[in-house]
Structures are given as C-alpha cells and as structure tokens.
Amino acid sequence: MSAHVDGAATPAELLRRRVAGDPSNPFVTFYDDATGERVELSARTFDNWVAKTANFLVDGLGAEPGSRVVLVLPPHWQTAVWLLACWSAGLVAEPVDPEAVSGRDGAEPIGSSGPYILAAAQEVLDDVVADEAAEEIVGLSLHALGGPLADCPPGVTDYADEVRTYGDRFAPGPEVTPDAPALSVTKDTLSGADLVDAARRAVEKHELDARDRLLVDVPFTTLDGVLMGLLAPLASGASVIIQRNFDKAALDRRLTVEHVTVVAGPPGPNHASGSPYRLA
C-alpha cells in the first residue's frame with residue numbers, strides 16, 4: 001500500500017500541497033561559500049522552476065515516463081529542482097557526485113544503466129561530454145543569477161538558455177504513478193511512493209514541523225541526502241538551507257542569521273556520521 005504524507009502519494013504532490021498551503025515563505029535557501037552567493041526561493045518560485053524544467057525535459061528533450069536522467073551536480077538549489085522535475089514527469093533520477101567523474105577520460109557510461117539524459121555542472125562537462133550512453137547532454141552553469149554556460153561544448157544544451165522559454169505549469173500524464181521508479185541511489189531504486197514514505201519516517205524521526213529551519217551540508221547522492229536536503233523539509237513544512245563549498249568559519253553566524261533549528265552534515269555532535277541533530 002502506498003504511503004501518504006498529508007494525502008500526498010508522490011514527491012510532486014508534496015510540492016503541490018506545499019505551494020497551496022505556504023506559497024510565499026522561504027522554502028530553499030542556498031549558499032556557496034566559495035563565491036559568497038546566497039539565493040532564496042519560496043515554494044511558488046521553486047515550483048515554477050520545477051515546472052519549467054519538467055516541460056523542458058518532456059517537450060524539449062523528448063523524455064518519457066521511465067526515462068533515466070543522470071544528474072552530475074553538486075549540492076545546489078538547481079539540483080533539488082531537477083530532482084522534483086524528474087519525479088513530476090515520471091523520470092528516474094540518478095544523482096552522481098561530480099568529484100567522482102572529475103578528470104575522467106573516455107566514453108564509458110557514467111550512469112548505472114543507459115541510455116539516459118545527462119545533466120552536468122559546467123565544471124565537469126569536459127569529463128562527461130563523450131559519454132556514449134547519454135542521448136542528450138545538458139550543461140548547467142550554476143551561476144547565481146542563472147547565467148548561461150561560459151563555454152558550451154558542441155552537442156551540449158545550455159540549461160539556462162533553454163529552460164526560461166518553457167511554461168511554468170506542468171501537467172503529468174496518466175502514466176506517472178506513485179509506484180513507478182523515481183530515484184536510483186546506492187544501487188537501490190525507489191518509487192515515488194517509497195520516497196514519500198521515507199520522507200514521512202524522517203519527519204517523524206527528527207520531529208520536524210513547519211517551524212524548523214534545516215541547515216544541510218550533504219550530497220544528493222544518497223537517500224539520506226535526498227531526504228534531509230529536500231523531501232523531509234518539503235513534507236514537514238520546514239525550510240532548508242543547502243550549502244556548497246562549506247566554510248566552517250561561517251557556521252556560527254549562519255546558524256544565528258538563518259534561525260537554524262536542525263543541522264545535518266556540518267561539524268557538530270554527530271559530525272562523524274552526518275546524522276541530523278537539533279540545536280538546543
């Protein structure tokens with residue numbers, strides 16, 4: 001039996017309920033400590049990006065329910081957008097750590113099985129552009145203001161250039177069901193219903209609610225990373241602060257400025273395991 005959080009059966013339904021109930025308050029805040037970048041998105045703005053990206057995947061790249069999408073992306077708000085866009089369209093997302101492919105040479109497939117659409121950060125495009133299993137390759141600049149790629153290799157689609165032309169409403173087809181595969185991580189494949197169930201358990205385990213602000217420094221390449229960095233905040237009504245290139249010197253001030261209540265990943269009582277802990 002499919003599990004539900006507040007009546008939702010899929011991650012996309014969790015997002016729809018969040019937009020309906022709390023569209024304007026911050027949902028995702030993103031920091032890149034290497035560049036000083038800070039971006040904040042409400043649930044409504046995040047949902048618009050998700051819809052545009054889902055439309056881009058389906059109408060622009062021809063993705064169909066069950067298609068695989070390999071995400072060679074760091075912790076970033078756009079990575080969270082791509083995950084929800086894949087799940088909205090019934091696609092199977094497979095996150096891959098960019099550091100695992102950095103300096104790679106050759107055409108060996110990056111994903112666990114192909115063919116697939118490949119979305120990669122600009123920093124690793126040269127390492128993945130020859131991937132023979134990739135039917136389409138999309139490059140993400142990850143610039144603060146959504147700018148285009150500084151250098152777009154031949155055969156690569158520039159996400160920032162393309163996505164803005166697509167509609168900010170997305171309607172999935174009837175083939176997109178809760179029990180369809182949605183995420184491949186650490187050799188496991190989970191359905192949308194599995195993800196909602198895991199989100200519910202994480203919310204209960206960590207006693208999360210809409211008053212919480214989660215600070216995370218975890219990759220999206222594990223189920224725990226996906227849960228704490230996206231799905232548990234989404235399901236509980238909490239907001240999440242995603243960090244990249246984390247600077248330990250910024251931690252104390254960030255905890256105060258962002259009114260953080262739960263931390264996952266950065267140094268703390270459970271830092272060896274990365275398990276989330278609640279601030280006193």
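In the predicted model, helix H2 comprises the 18 residues 43-60, which at 1.5 Å a residue should span 26 Å; the C-alpha atoms at its ends lie 24 Å apart, in agreement with that expectation. Of these 18 residues, 13 are buried, so H2 is largely enclosed by the rest of the structure. Just after H2, Gly62 adopts a positive phi of about 75°. H2 lies across strands S1 (26-32) and S2, and runs at about 95° to S2.

A second helix, H7 (residues 223-236), packs on the sheet. H7 touches S1, S10 (213-216), S11 (239-244) and S12, and its direction makes about 170° with that of S11. The sheet is open and has six strands in the order S2-S1-S11-S10-S12-S13, with mixed pairing. Its edges are formed by S2 (37-42) and S13 (277-278), each of which pairs on one side only. At the S13 edge, S12 (residues 262-264) and S13 run antiparallel and are joined by two bridges. Val263 has Tyr277 of S13 as its bridge partner.

The structure contains zero disulfides. Cys86 takes part in none, the nearest cysteine sulfur being that of Cys152, 19 Å away. Cys86 is buried, with a relative accessible area of 0%. For Cys152, the closest cysteine sulfur is that of Cys86, and the separation of 19 Å is too far for a bond, given that a disulfide requires sulfur atoms within 2.5 Å. Cys152 is partly exposed, at 35% relative accessibility.

How values were computed:
Residues are numbered from 1 along each chain as its sequence is written. This is a predicted model: local features need pLDDT of at least 70, side-chain atom pairs count only at pLDDT 80 or more; totals for chains, interfaces and linings use all residues. Side-chain values use heavy atoms; hydrogens and water are left out. Buried means under 20% relative accessible area, exposed over 50%, partly exposed in between (1.4 Å probe, protein chains only). Helices (H or I, at least four residues) and strands (E, at least two) are DSSP runs, numbered from the N terminus. The expected span of a helix is 1.5 Å times one less than its number of residues. Two strands pair if DSSP finds at least two bridges between them. Contact means heavy atoms within 4.5 Å. Axes are lines fitted to C-alpha atoms, for helices over the stretch in contact, and angles run from 0 to 180 degrees between N-to-C directions.
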